[in-house]
Protein chains: 2
Amino acid sequence: MSRTLSIALVHHPVLDKQGSTVTSAVTNLDIHDLARSARTYGCASYFIVHPVAAQRDLVARICEHWTYGSSAQRIPDRKEALTLVKPVPTLDDAYASFGGRDAVEVWVTSASAVRTPVSVAAARPLLEGEGKPVLLLFGTAWGLLPETIRAADLSLAPIHAAEPSGFNHLSVRAACAIILDRLRGDRS
Amino acid sequence: MSRTLSIALVHHPVLDKQGSTVTSAVTNLDIHDLARSARTYGCASYFIVHPVAAQRDLVARICEHWTYGSSAQRIPDRKEALTLVKPVPTLDDAYASFGGRDAVEVWVTSASAVRTPVSVAAARPLLEGEGKPVLLLFGTAWGLLPETIRAADLSLAPIHAAEPSGFNHLSVRAACAIILDRLRGDRS
């Protein structure tokens, strides 16, 4: 028995290179890759947070194509992953689906350490046993806002190689996969 | 001191859904994501194996755009990753860059276990110390051919969640990231 784990990919508010708050565009392979990783590691939901209705509609149409359309016949396993996808306008809407902000534990992942981080290895046992559902936030573009990170319940430490490479620019598709594997992967 | 690790993304020969041998198309985000993961985990080279010259030229043009073009100014760290990319026509050409097939240890990753696999955890210490360079092959489409897997020196076991989810369809971008992290990630 372990706690329910969900993920959210945030397109707003996120930072751009200059540190301004922006809204990023939906990327098709973010929908697929994070859904496939979420399904592999037993996540309950994959929220795609986007304030623009046309972008949420695009996400819904892509998921529909793979769940009911011609691609559902061609690659049937994909629908199992994409049924986890829930487009929502804001993070508050994602929280609301758990019963509100107080009903969910929000974990953030951030390439830079804005606050005291917990290593993913130390966070892994926290998912065992009883407890609130956990929602793991990933930022697009240049990442989540400092205030989003500060408002979270836990901040996961950045991912590094054992021999430091001085390079910390994984794609969000790679970072999500690695963090889910570190939290929930088999260790045999 | 550890052995040199490189990766190769194979577009031919790979399997399609029906088990026929096919050639897959280059996917832009495969170039970026695997290069960024390779750079993060200190890989020496990232070979993109494609028999079609126009596809290799496309890879080279994309890398050039991010190494010397306008995007090199916009996201300078990307060039550090993309300079690892080496488009080659065949796997033999990748082997030749090490001095031939006998000069390199070929490891395969495969979602299905065609031969007796070694867990990634058991393979990790094999990268320590002295030894031939290791080249880790990833297949696109429905994966590497059984003969490619049999001809390898080592086959890594498929990735699973600790609590089996019955779903084993990670994207190659996610699978490569997870395997590099399991082989070379920090364990603190």
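## A proline to start with

Where in chain A is the place of Pro13(A)? Pro13(A) sits in the loop between β1 (5-10) and β2 (14-15) of chain A. This is a predicted model, and in it a cis peptide bond joins His12(A) and Pro13(A), with omega at about -5 degrees. Chain B has a cis bond as well, from His12(B) to Pro13(B), with omega near -5 degrees. Pro13(B) is likewise placed in the loop between β1 (5-10) and β2 (14-15), here of chain B.

## The fold of chain A

Let us step back to the whole chain. Chain A is made up of 8 helices and 8 strands, and its C-alpha atoms fill a box of roughly 45 × 45 × 40 Å along the principal axes. Its radius of gyration is 16 Å, which agrees with the value near 16 Å that a compact globule of 188 residues would have. Of those 188 residues, 43% count as buried. Among contacts between residues at least 6 apart in sequence, 83% join residues at least 24 apart.

A pair of strands gives a closer view. Strand β4 (residues 46-49) of chain A runs parallel to β5(A), and 4 bridges join them. One of the pairings is that of Ile48(A) with its bridge partner Pro87(A) in β5(A). Along β5 (residues 85-88) the side chains alternate: Val85(A) and Pro87(A) point to one face and are buried, whereas Lys86(A) and Val88(A) point to the other face and are not.

## The nonpolar core

In soluble globular proteins, nonpolar side chains tend to be buried together. Here the largest nonpolar core has 105 residues, and those with the most contacts inside it are Ala8(A) and Ala8(B). What does Ala8(B) touch, leaving aside its neighbours within four places in sequence? Its contacts are Phe47(B), Val49(B), Leu91(B), Ala94(B), Leu135(B), Leu137(B) and Phe138(B).

## The loop between β7 and α7

This loop deserves a visit in both chains. Most residues other than glycine have a negative phi, and most peptide bonds are trans. Ala141(A), in the loop between β7 (134-139) and α7 (146-150) of chain A, has a positive phi of about 55 degrees. In chain B, Ala141(B) is placed in the loop between β7 and α7, and its phi is near 50 degrees. Ala141(A) is partly exposed because 19 other C-beta atoms lie within 10 Å; Ala141(B), with 19 C-beta neighbours inside 10 Å, also counts as partly exposed.

Leu145(B) is found in the loop between β7 (134-139) and α7 (146-150) of chain B. With 17 C-beta neighbours inside 10 Å, Leu145(B) is classed as partly exposed. Leaving aside neighbours within four places in sequence, its contacts are Pro13(B), Leu15(B) and Thr21(B), so the cis-bonded proline of chain B appears again. Leu145(B) also lies 8.7 Å from Gly19(B), C-alpha to C-alpha, although the two are 126 residues apart in sequence.

## How the two chains meet

Between the chains, 35 residues of chain B are in contact with 34 residues of chain A. On the chain B side, the elements giving two or more residues are α1 (28-40), α4 (77-82) and α8 (172-184). The most come from α1(B), with 7 residues. By class, this side of chain B has 12 nonpolar, 12 polar and 11 charged residues.

How are the copies related? A turn of 180 degrees and a shift of 0.0 Å along the axis lay chain B on chain A with an RMSD of 0.0 Å. The two copies are therefore related as by a two-fold rotation axis. The same surface serves both, as 97% of the contact residues of chain B recur in chain A.

How values were computed:
Residues are numbered from 1 along each chain as its sequence is written. Chains are lettered from A and ligands numbered from 1 in the order in which they are written. This is a predicted model: local features need pLDDT of at least 70, side-chain atom pairs count only at pLDDT 80 or more; totals for chains, interfaces and linings use all residues. A nonpolar core is a set of buried Ala, Val, Leu, Ile, Met, Phe, Trp, Tyr and Cys residues joined through C-beta atoms within 7 Å. A residue is buried if 20 or more other C-beta atoms lie within 10 Å of its own, exposed if 12 or fewer, and partly exposed in between; C-beta atoms are placed from the backbone. Two residues are in contact if their C-beta atoms, placed from the backbone, lie within 7 Å. Two strands pair if DSSP finds at least two bridges between them. Ala, Val, Leu, Ile, Met, Phe, Trp, Tyr, Cys and Pro count as nonpolar, Asp, Glu, Lys and Arg as charged, and the others, Gly among them, as polar. Copies are superposed by least squares on the C-alpha atoms of residues with pLDDT of at least 70 in both. The radius of gyration is taken over C-alpha atoms; the globule rule is 2.2 Å times the number of residues to the power 0.38.
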